[in-house]
Every structure is written in structure tokens, then in C-alpha cells.
Amino acid sequence: MSDYTIDSLLKKANELGASDLHFIVGEVPSFRIDGQIIKSKLPPVTEDDMMQAIDTMAPVSMRDKIFKSYDSDFPYEIEGVSRFRVNLAMSFGYHSMTVRLVSYDIPSFEQLSLPPTIEKFSKLENGIVLITGVAGSGKSTTIASILDNINSTQKKHIVTIEDPIEYVYKSKKSIFTQRQIGIDTANYIDGLKFALRQDPNVILIGEIRDMETVQSALHAAETGHLVFATLHTFNAIQTINRILSFFPPSEREAVRAQFAEVFRGSVSQKLLPNANGKGRTPAVELLYSTPTIKDFILKDELEEIYKLVQKGSYNDMITFNMSLYDLYKQGKITKETALEHSDTPNELMHYIRGVYSGSENQY
């Protein structure tokens, strides 16, 4: 057994500003810092180290399930240090653990360098808002910032259904009910079903994974609730297509009409390395639903949505390229980083060369 403990590693991760700790049998403990994997100089993790870590971190109520499953998610906390989201998986027959650090403090839009117009989503009364991006792109933190804005300014009941719970909210003007899959409710479907009986104003769905969850989310939005949910998609058009793809072709037109009616917008984001080599900054695509965009969704003319926003800050909306250009112009990211992360680098080069006048001063 190694000299270090899982708690000592997590404290070190917090000190280093790491986003994740990787703890894998046979490998040295590693940290993800500013998007890069940094290997420690510690001895490799042994099976005994892993069993001790599981014994330290796993909730008693989940231990039987953990050893019968290939994959498990659960929360952990070191009081006064941080909260953590733990994923336990199998690799070559051995356990592998990835631990995401979740700060106690919920940052504001300004602290996250998010466009201030994102506050529009916190002022909605109903409908569905989708927060999208790859794993580790900051989706959970963006949602937390939106919910905490509601918490600070409005008298609402906010229900979160998560797997596992990440940010823990302290009630301000609003009150919270936070439910974890596998501990407080069986699954997202049941969680949503019973959430509607708990007098909510706002519902957070940790992740949309299947058709049944989409159906439940749309129903919640139709019945006058404001629903936030995450998806692993890259942009608004892919997000809309992904929602529809959960359903068989024979049902898609009906779902398209249902979705168009309740869709209020989307936030898609990527975390990019800062030009000074320290930290990361989000590039953000913002889409707000309007009658014109609703019509494009109904007609399945999604490419027209991008063309509309591309013309220049339509209704405070922003494409990824607009966001990348502004970050480059402000000196926050390099031109190489901007082009590397653009889906359409040729278009971005037009912005940089000043071809599109609408790219100036987006936010």
C-alpha cells in the first residue's frame, strides 16, 4: 500500500487548481490542470490503494451496487476543501476512478467570462433550455450560475435531479430540493414524474440520455415549468437534431412541433486555453428562440438558424465563431487556438480579416 491516501491526493488537486484526479490501478495518480493531464511523481496505485479509496469515499448505501456494477457515480466531500463527483469504472478487470472537483462557491456569469445576455435564461417562466458541450466543458458550472442567479433574485422552488449531485445550493430567495439518482430517486424518469407533484417552478435534469427522459422534460415544459437539461452535443443545430433523433422517424414530426413550442434556447460551450498559458476561457454559442427560429425548427430548416445568427448579433445571439473572434480580439486566446477550435475556420479567418462587420463587439 502506498504512503498517500485518496484524501491527501484530493487536497493536493484542490491546491493545484486541478479539475480532475485520475486514480487508476497500475498507473501513477494524475491531475488534469488547465485541460492537460499532469502525472504525479508518486508510486503507482495498487489494488489495496483503490479498495481503501472506495471504502473512504463510497456511500454505504451504494457499496453493494458498486461492486456489482461496471460503472458507478457518486458524490464525495472533504469538509472545508471541496465537493467531488466520482466515477468508478473497470479497466482490464481493475477499478479506475475519475474524480471531478466541484467548488463550494458558485461563480457568477462575470467570473465565468460568460456573455451577460445569458441572464435572459434565468428570467424565463417556462419552457426548456439546453446546456451542451463535451465532457469537461463547464456545463454544470454554467447551469449552477444560472440557477444561483434565480436563487438570488426570485422566489422560486427549484428541483434538481442529478447523477450525482454536484453543486449544493444554499437557499436565498428561492428554495431547493436536490435529488440524486440511486439515492433519492430511482432514475430520471421517476424523478421528473414526482418532481411535477412537488410544486416546482424550475427543474434541472442532470443529463438527457434517452427518449423517455426527453418526453418527460417536454411534458414538464408544456405544463408551465422552466426546465434546464444538459446534452453532449457541440452546437445548437446538432442539439435540436439530437433531441429529435431519440425518437423513431414516424414520431419525429409530432415531436418537432412539440419541441418548437417549448424550446427557449441553448448554450453550447468549449473551454479553451488562455493565451498566457494560465487557466481556460469559455467560447460560447448562444441561441434564443424567436418566432422566426420556431418557424425554422417546424420547417426543418435548421441551417437557416445559423445563417440568421451569422448576420450579426441577432437578438443577442452568438455563434461559436463570433465568440472565438471576440476572445482572440481581446487577447484572451491565440489565433491558433481560435482556428483549432472552430468548426468552420475559413469563416473565422474572414472575421479576423474584417470581412464580416457584424462580428464586432458581440458582448
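1. Strand 1 (20-24) and strand 2 (residues 30-33) make an antiparallel pair held by three bridges. This is a predicted model, so please read every position below in that light. Within the pair, D20 has R32 of strand 2 as its bridge partner. Five residues lie between the two strands of this hairpin, and G26 takes a positive phi there, near 90°.

2. Strand 1 has another partner to look at. It also pairs with strand 6 (94-102), again in the antiparallel sense, and this time over five bridges. If you want a residue to click on, F23 has M97 in strand 6 as its bridge partner. Is strand 1 mostly covered or not? Four of its five residues are buried, and the strand is described as mostly covered.

3. Now zoom out to the sheet that holds these strands. Six strands make up an open, antiparallel sheet, and their order is 3-2-1-6-5-4. The edges are taken by strand 3 (36-39) and strand 4 (72-78); each has a single partner strand, so one side of each has no neighbour in the sheet. From one strand to the next the twist averages 25°.

4. The strand 4 edge deserves a closer look. Strand 4 runs antiparallel to strand 5 (residues 82-91), and seven bridges join the two. Across this pair, P75 stands opposite R85 of strand 5. Helix 2 (residues 47-57) packs on the sheet, where it touches strand 1, strand 4, strand 5 and strand 6. The direction of helix 2 makes about 45° with that of strand 6.

5. A backbone point on the same sheet: F92 sits in the loop between strand 5 and strand 6. Its phi is near 55°, a positive value in a residue that is not glycine. Is F92 buried or exposed? With 83% relative accessibility, F92 counts as exposed, since the cut-off for that class is over 50%.

6. The other sheet is put together in another way. Seven strands form it, in the order 9-8-10-11-7-12-13, and it is open with mixed pairing. Strand 9 (175-180) and strand 13 (280-288) are the edge strands, each pairing on one side only. Direction ignored, neighbouring strands here are turned by 15° against each other on average.

7. Inside this mixed sheet, strand 10 (residues 202-205) and strand 11 (residues 226-231) give a parallel example, with four bridges between them. V202 has L226 in strand 11 as its bridge partner. Helix 5 (residues 188-195) packs on this sheet and touches strand 8, strand 9 and strand 10. Its direction makes about 165° with that of strand 8.

8. Do check the loop between strand 8 (157-162) and strand 9, where P164 is placed. The peptide bond from D163 to P164 is cis, with omega near -5°.

9. On to helix packing. How do helix 6 (residues 211-222) and helix 8 (residues 252-262) cross? Their axes come within 10 Å, at an angle of roughly 45°, and the two helices are therefore oblique to each other. The crossing is left-handed. On the helix 6 side the contact is made by L218, A221 and E222, which meet V255, Q258, F259 and V262 of helix 8. By class, that contact has five nonpolar residues, one polar and one charged.

10. Another positive phi outside glycine turns up at D300, with a value of about 60°. D300 lies in the loop between helix 9 (291-298) and helix 10. Its relative accessible area is 44%, so D300 is partly exposed.

11. Last, helix 13 (residues 345-352), which contains Y351. Y351 has a relative accessibility of 1% and so counts as buried. Its company among the buried residues of this helix is E347, L348, M349 and I352. Where do these buried residues pack? They lie against helix 10 (302-310), helix 11 (320-329) and helix 12 (335-340). Y351 and D326 are 25 residues apart in sequence, and their C-alpha atoms are 9.5 Å apart in space. Just after helix 13 comes G354, with a positive phi of about 85°.

Methods: Residues are numbered from 1 along each chain as its sequence is written. This is a predicted model: local features need pLDDT of at least 70, side-chain atom pairs count only at pLDDT 80 or more; totals for chains, interfaces and linings use all residues. Side-chain values use heavy atoms; hydrogens and water are left out. Axes are lines fitted to C-alpha atoms, for helices over the stretch in contact, and angles run from 0 to 180 degrees between N-to-C directions. Angles under 35 degrees count as roughly parallel, over 145 as roughly antiparallel, 65 to 115 as roughly perpendicular and the rest as oblique. A crossing is left-handed if the near helix is turned anticlockwise from the far one by less than a right angle, and right-handed if clockwise. Contact means heavy atoms within 4.5 Å. Ala, Val, Leu, Ile, Met, Phe, Trp, Tyr, Cys and Pro count as nonpolar, Asp, Glu, Lys and Arg as charged, and the others, Gly among them, as polar. Two strands pair if DSSP finds at least two bridges between them. Buried means under 20% relative accessible area, exposed over 50%, partly exposed in between (1.4 Å probe, protein chains only).
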